[in-house]
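Work through the exercises below with the sequence and the model open side by side. Try each task before you read its solution.

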Amino acid sequence: MSELRETSRAMEGLVREVGELYRAIAEHAVELQERNVRFALGMTDRFVAEARHQGAANGEFAKELAERVEAQRENVRALAGEITGSYLDLLYAPLAYYRQGLRLIEGGVEEEELPIEGYDDLSVAEISKRLEGLSAEEIRLIRDYERLHKNRESLLEQLDRRLKPAVS
């Protein structure tokens, strides 16, 4: 029986050793699993932080890009306005020369050439008072100037009346 007891004790010792071995393996496996979980959580946290950082950077870049596009749009508008203005000036240049030529052909008179000083600043009544003593040629000059510039009917009629006796 003593052999049986010793065998039994040896078996108990073996079971204890195997149990401790399995416990050590299990503890080691749990420890490795916990470390893997911490590693995965750390990687996830770093990934999320990096994704947030990249998202913020992309947002700032998009805002800056939109501002630059708007600035370019304004520059293009200004350039288009200048080009259009220059083109219209080019188109209207012949018309301006034509108008200037018409004024010269129509006998355009400058205020300085009139026999009444300060003519443009005077009223019809003031001009009427200064017509006495002017020649028919001077009255025609005043009439032409008035017709091209202020075109006051009452004054034009008065000038025409003064010219009729000169024609007769």
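## Exercise 1: A pair within one helix

Arg68 counts as exposed, with a relative accessibility of 53%. The model it belongs to is predicted.

**Task.** Find the salt-bridge partner of Arg68, and classify that partner as buried, partly exposed or exposed.

**Solution.**
1. Start with Arg68. Exposed means over 50% relative accessible area, and Arg68 has 53%, so the label fits.
2. Look for a carboxylate. Glu64 forms a salt bridge with Arg68, and their closest N and O atoms are 2.8 Å apart.
3. Place the pair. Both residues lie in helix α1, which covers residues 2–105. They are four residues apart, about one turn of the helix.
4. Recall the general rule. An α-helix has 3.6 residues a turn, so residues three or four places apart point the same way.
5. Classify the partner. Glu64 has a relative accessible area of 37%, so Glu64 is partly exposed.

## Exercise 2: The overall layout

**Task.** State how many helices and strands the chain has, and give their order.

**Solution.**
1. Count the elements. The chain has four helices and zero strands.
2. Read along the sequence. The pattern is α-α-α-α.
3. Check burial. The chain has 168 residues, and 12% of them count as buried.
4. Check the surface. About 13,800 Å² is exposed, with carbon and sulfur atoms supplying 57% of it.
5. Check the contacts. Among contacts with a separation of 6 or more, 57% join residues 24 or more positions apart.

## Exercise 3: The nonpolar core

**Task.** Identify the residues with the most contacts inside the largest nonpolar core, then list what Ile116 touches.

**Solution.**
1. Size the core. The largest nonpolar core has 13 residues.
2. Pick out its best-connected members. They are Ile116, Tyr119, Ile127, Leu131, Leu134, Ile142 and Leu159.
3. Assign helices. α3 (136–148) and α4 (153–167) each supply at least two residues of this core.
4. Zoom in on Ile116. Leaving out residues up to four places away in sequence, Ile116 touches Leu122, Ile127, Arg130, Leu131, Leu134 and Ile142.

## Exercise 4: Length and buried side of α3

**Task.** Test the length of α3 against its residue count, then find where its buried residues sit around the axis.

**Solution.**
1. Work out the expected span. The helix has 13 residues, and at 1.5 Å a residue it should span 18 Å. The expected span uses one less than the number of residues.
2. Compare. The end C-alpha atoms of α3 are 18 Å apart, which agrees.
3. List the buried residues of α3. They are Ile139, Ile142, Arg143, Tyr145 and Glu146.
4. Locate them. They cover an arc of only 165 degrees around the axis, so they lie on the same side of α3.

## Exercise 5: A buried glutamate and its neighbors

**Task.** Classify Glu146 as buried or exposed, and name its salt-bridge partner.

**Solution.**
1. Place the residue. Glu146 is in helix α3.
2. Apply the cut-off. Buried means under 20% relative accessible area. Glu146 has 1%, so Glu146 is buried.
3. Find the partner. The side chains of Glu146 and Arg152 meet in a salt bridge at 2.9 Å, N to O.
4. Classify Arg152. Its relative accessibility is 18%, so Arg152 counts as buried.
5. List the neighbors. Beyond four places in sequence, Glu146 touches Tyr119, Asn151, Arg152, Leu155 and Leu156.
6. Look at Asn151. Asn151 lies in the loop between α3 and α4. Its phi is positive, about 55 degrees, although Asn151 is not a glycine. With a relative accessible area of 39%, Asn151 is partly exposed.

## Exercise 6: A bridge across the sequence

**Task.** Determine which parts of the chain the salt bridge between Arg162 and Glu132 links.

**Solution.**
1. Confirm the bridge. The two side chains meet at 3.0 Å, N to O.
2. Place both ends. Arg162 is in helix α4, while Glu132 is in the loop between α2 (124–129) and α3.
3. Judge the separation. The residues are 30 apart, and the pair links distant parts of the chain.
4. Classify both. Arg162 is partly exposed at 27% relative accessibility, whereas Glu132 is exposed at 59%.
5. Put the bridge in context. The structure holds eight salt bridges.

Technical notes: Residues numbered from 1 in each chain as written. Predicted model: local features only at pLDDT ≥ 70, side-chain atom pairs only at ≥ 80, totals over all residues. Heavy atoms only, no water. Core = buried A, V, L, I, M, F, W, Y, C linked by side-chain atoms within 4.5 Å. Buried < 20%, exposed > 50% of the residue type's maximum accessible area, 1.4 Å probe, protein only. Contact = heavy atoms within 4.5 Å. Areas by Shrake-Rupley, 256 points an atom, 1.4 Å probe, with all protein chains shown as cover. Arc of directions from axis to C-beta. Salt bridge = Lys/Arg side-chain N within 4 Å of Asp/Glu carboxyl O.
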